[in-house]
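Trainee: Could you walk me through this one before I go back to the bench?

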Amino acid sequence: MYAPIIARTALRTTIRRGATFEAASSRGFSSSQIVRSGDHGHHPEGPYHNLPFKVHNRKIPFVIPFSIFFLVPFLTPFGMAALAISRM
């Protein structure tokens with residue numbers, strides 16, 4: 001009962017995959033000589049080089065702004081609750 005439907009679907013899928021493969025394989029990929037050569041404008045790689053701010057060699061140690069950035073929003077609700085309780 002379902003065999004013809006399954007066979008038709010499999011045939012359609014095979015035909016589509018074949019057409020897609022042929023279209024992709026006939027396409028010519030190329031790159032310029034600049035791209036193939038070594039370093040073409042990339043920044044240095046390694047740890048901390050992908051961050052938009054300095055981590056090393058700073059006047060203020062990184063831990064201070066990092067802690068303030070994360071601790072102030074975290075501790076604000078607790079401070080508000082303590083203030084509300086003390087005013088009761």
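Mentor: Helices (H or I, at least four residues) and strands (E, at least two) are DSSP runs, numbered from the N terminus. This is a predicted model, in which local features need pLDDT of at least 70 and side-chain atom pairs count only at pLDDT 80 or more, while totals for chains, interfaces and linings use all residues. Residues are numbered from 1 along each chain as its sequence is written, and side-chain values use heavy atoms, with hydrogens and water left out.

Trainee: OK, where is I5?

Mentor: I5 lies in helix α1, which covers residues 3–25.

Trainee: And is I5 buried or exposed?

Mentor: I5 counts as partly exposed, because its relative accessibility is 44%, and that class lies between buried (under 20% relative accessible area) and exposed (over 50%), with a 1.4 Å probe and protein chains only.

Trainee: How many helices and strands are there?

Mentor: The protein chain has three helices and zero strands, giving the pattern α-α-α along the sequence.

Trainee: Which element has the lowest mean pLDDT?

Mentor: Helix α2 (residues 33–36) has the lowest, at 57, whereas α3 has the highest, at 93; pLDDT is the predictor's confidence in each residue, from 0 to 100. The protein chain averages 75, and 65% of the residues score at least 70.

Trainee: Changing topic, how much of the chain is buried?

Mentor: Of the 88 residues of the protein chain, 1% count as buried.
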